[in-house]
Amino acid sequence: MSQAKKKNFKIEPFKHKVEMDPKYAEKTWKILEDAIHEIYNHNASGLSFEELYRNAYNMVLHKYGEKLYSGLVNTMTQHMREIARTVEAAQGGLFLEELNSKWCEHNKSLQMIRDILMYMDRTYVNNFNKTPVHELGLNLWRDNIVRSPRIRDRLLHTLLDLVHRERTGEVINRGLMRNITKMLVDLGPTVYQEDFERPFLDAASDFYRVESQQFVETCDCADYLRKAEKRLNEEIDRVTHYLDAKSEPKITAVVEKEVIGNRMKLLVEMENSGLVSMLIDDKYDDLGRMYNMFRRVSTGLQTIRDLMTAHLRETGRQLVLDPERLKDPVEFVQRLLDEKDKYDKIIQLSFGNDKTFQNALNSSFEYFINLNVRSPEFISLFVDDKLRKGLKGVSEEDVESVLDKVMMLFRYLQEKDVFEKYYKQHLAKRLLSGRTVSDDAERSLIVKLKTECGYQFTSKLEGMFTDMKTSRDTMQGFNATLAGSETNEGPTLAVQVLTTGSWPTQSGARCNLPTEILSMCDKFKQYYLSTHTGRRLTWQTNMGTADLKATFGNGNKHELNVSTYQMCILCLFNKADRLMYREIEQATDIPASDLQRSLQSLACVKGKNVLRKEPMSKDISEDDVFLVNDKFSSKFYKVKISTVVAQKESEPEKQETRQKVEEDRKPQIEAAIVRIMKARRLLDHNNIISEVTKQLQARFLPNPAVIKKRIESLIEREFLERDSVDRKLYRYLA
């Protein structure tokens with residue numbers, strides 16, 4: 001039997017249900033309740049937290065969790081009401097301090113209570129979906145104190161009043177404000193937002209609406225922006241010191257809307273201080289402040305950009321169409337460059353190199369530069385001036401800088417081929433007269449043009465440099481031939497052989513050269529044709545220069561540097577003392593306009609007047625008589641007599657140049673049409689116009705009427721044909 005008992009023996013859990021005496025549970029809760037009272041009364045030092053924890057543990061263990069939890073709620077609610085009465089009784093500035101003090105005490109008390117009831121928190125609260133002790137304490141504080149009818153409105157009013165006082169310059173207790181707002185955040189996001197943030201934002205909106213109106217009435221634009229910036233920084237600083245970080249975008253949005261967004265148009269258009277005034281006076285700091293403030297508003301930068309563009313276009317339009325400024329092409333272009341530099345600097349220093357502003361600047365310049373049909377000519381004249389004398393003694397970096405600026409203006413031109421036409425003429429004069437500052441600078445600009453527009457644009461310009469080098473080699477050979485023959489005491493000749501097509505030559509240039517010069521020309525022609533077969537030489541007397549040694553009646557000797565035409569005129573006075581205009585014209589056969597300019601240069605320019613004219617006047621007439629000026633003198637031995645010539649083209653010359661440009665455009669337009677039709681085979685009229693314009697706009701902007709004429713020409717020559725049904729449809733004929 002003992003063996004059987006031994007066999008059946010095993011250890012089992014203790015099953016005997018031990019029930020706590022209800023009086024014991026009441027007694028235990030009474031101990032815990034007293035402890036909670038002591039904690040709230042700051043007498044916790046005499047409590048045994050271990051014993052209290054064990055008592056709470058036993059109550060939960062013996063299924064008295066509900067009694068414990070509901071007792072806790074009632075006890076804490078009682079204390080919350082007592083605290084509420086204390087806070088309500090606080091007067092004036094002590095109100096927030098009392099609230100903050102009680103909040104800090106409540107948090108400490110809540111921590112101790114949570115420690116005592118930790119077991120209940122982990123088991124009973126979880127099992128029965130009750131609110132945890134700490135959260136319960138916060139909710140009771142919220143409902144009984146913060147949202148108490150007699151505290152809620154007072155708290156909000158006090159907080160908003162403190163913020164308002166700080167905005168108006170008073171110093172407030174930021175530490176206390178930080179504690180109160182943190183309390184609201186700790187009580188839950190909705191408490192902070194509903195009980196403080198929303199009214200705070202509404203009050204800020206009202207405040208800044210009124211203040212911005214006052215600023216507008218009393219400040220100029222720059223001062224207004226400084227104050228607006230200061231206010232914005234103050235609000236950001238306020239958030240940093242005592243508001244929730246999530247409030248920052250909300251309060252800045254309010255300031256931006258009231259102070260900037262609703263006043264933008266008024267600010268930029270302020271008379272004598274708005275955007276235009278700032279642009280005119282280069283107010284970089286004020287413009288930068290405007291940019292940084294306006295960029296905070298969705299349409300802010302667009303507002304600045306639109307007004308800047310309108311101002312720039314109007315300023316540029318006045319600049320390029322002002323008749324006074326058109327008198328000096330170099331000054332005209334310099335003003336354009338100065339204007340571009342000015343706005344580049346503004347965009348760099350004030351607008352943070354904003355690409356949208358750079359694009360607006362470029363479109364404005366392109367707009368007004370092309371309003372003046374002479375812009376390509378003027379830009380070429382500017383280059384001519386710089387490469388003749390303006391860049392003498394300037395460093396290589398500065399030369400490159402000037403050329404880059406020229407290229408920048410060149411990019412804005414719609415009629416780049418017109419620029420090329422003028423540039424070729426001016427380059428030819430520089431090369432033939434040897435008046436260029438630097439071959440490197442000339443070549444550098446051609447490389448830039450080539451990069452911008454392709455090989456076709458600069459091939460003829462490069463050919464001009466090739467001709468100059470070939471001519472030097474040719475002259476070495478010719479001079480070597482002369483040296484081998486009998487000594488020649490006559491004039492020396494330097495010839496540049498120019499390839500027709502590369503140079504802007506004139507077919508109608510004529511002139512009767514002096515006999516001694518003519519004999520040298522014949523020798524060179526004979527030499528050149530003997531070394532080159534299948535070529536023909538035509539003398540371009542309008543493009544040459546000559547050095548003459550002259551002795552005047554007073555014994556003064558000078559070396560005169562003159563044009564070929566001027567040389568022909570002066571050589572006539574070796575055989576005559578007095579010649580009439582008609583006699584000179586008949587003897588030289590120089591075209592009338594060139595003859596008049598040459599005679600003006602020789603007789604009417606002070607300090608260069610080697611001839612006298614009777615009667616004396618600035619204009620040349622057919623009845624004038626010319627004599628050698630025996631009293632001519634100059635402090636220089638070498639005297640350069642430039643031909644009087646208008647820097648700009650005369651009206652007939654303009655018409656001629658324009659006609660040449662139009663003629664040169666015809667084959668380019670036709671080539672573009674053929675290329676497009678060859679690829680597309682069938683295309684309607686509007687699409688051809690669009691495609692041709694797109695292909696050629698890098699060089700010039702073709703006129704749709706001209707494109708239509710070229711299409712008609714191609715149809716006549718059977719490159720294209722019209723569709724038999726749709727007359728606006730064209731078909732390519734292979």
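Glu 66 is partly exposed, with 39% of its relative area accessible. Here partly exposed lies between buried, under 20% relative accessible area, and exposed, over 50% (1.4 Å probe, protein chains only). The model is predicted: local features need pLDDT of at least 70, side-chain atom pairs count only at pLDDT 80 or more, and totals for chains, interfaces and linings use all residues. Residues are numbered from 1 along each chain as its sequence is written, and side-chain values use heavy atoms, without hydrogens or water.

**Salt bridges**

Glu 66 pairs with Lys 130 in a salt bridge. That term means a side-chain nitrogen of Lys or Arg within 4 Å of a carboxyl oxygen of Asp or Glu. The pair links distant parts of the chain, 64 residues apart. Glu 66 sits in helix H4 (residues 65-89), and Lys 130 in the loop between helix H7 (124-127) and H8. Helices are DSSP runs of H or I, at least four residues long, numbered from the N terminus. Lys 130 is partly exposed, at 30% relative accessibility.

The structure holds 56 salt bridges. Three of them are set out below.

| Pair | Closest N to O distance |
|---|---|
| Lys 130 and Glu 66 | 3.7 Å |
| Asp 322 and Arg 325 | 3.7 Å |
| Asp 473 and Lys 469 | 3.8 Å |

Asp 322 is partly exposed at 24%. Arg 325 is partly exposed too, at 30%. Asp 473 and Lys 469 share helix H24 (residues 455-484) and stand 4 residues apart, about one turn of the helix. An α-helix has 3.6 residues a turn, so residues three or four places apart point the same way. Asp 473 has a relative accessible area of 42%, which makes it partly exposed.

A network of salt bridges links Glu 166, Arg 167, Arg 174, Glu 235, Asp 237 and Arg 238.

**Helix H12**

Glu 235 and Arg 238 are also among the buried residues of H12, along with Cys 221, Tyr 224 and Leu 232. How far apart are the end C-alpha atoms of helix H12? They are 32 Å apart, which agrees with the 32 Å that the 22 residues (221-242) should span at 1.5 Å a residue. The expected span is 1.5 Å times one less than the number of residues. At the start of H12, a side-chain oxygen of Asp 220 comes within 3.4 Å of the backbone nitrogen of Ala 222.

**Nonpolar cores**

A nonpolar core is a set of buried Ala, Val, Leu, Ile, Met, Phe, Trp, Tyr and Cys residues joined through side-chain atoms within 4.5 Å. The largest has 141 residues; Met 120, Trp 141, Leu 155, Phe 294 and Leu 409 have the most contacts inside it. Helix H11 (residues 189-218) gives the most to this core, with 10 residues. A second, separate core has 43 residues, including Met 475 and Cys 568.

Contact means heavy atoms within 4.5 Å. Beyond four places in sequence, Leu 409 touches Val 333, Leu 336, Leu 337, Phe 365, Ile 369 and Ile 379.

**Three buried residues**

Leu 140, in helix H8 (residues 133-146), is buried at 10%. Its C-alpha atom is 7.0 Å from that of Met 80, 60 residues apart along the chain.

Gln 566 lies in helix H26 (residues 564-572). Its relative accessibility is 0%, so Gln 566 counts as buried.

Which side chain of opposite charge is nearest to buried Lys 416? It is Glu 452, 6.2 Å away, and Lys 416 has no salt bridge. The backbone oxygen of Arg 411 lies 3.4 Å from a polar atom of the Lys 416 side chain.

Conventions:
Helices (H or I, at least four residues) and strands (E, at least two) are DSSP runs, numbered from the N terminus. A polar contact is a pair of N or O atoms within 3.5 Å; within protein, one must be able to donate a hydrogen and the other to accept it, and residues adjacent in sequence count only if both atoms are side-chain atoms. Lys and Arg count as positive and Asp and Glu as negative; His and the chain ends are not counted.
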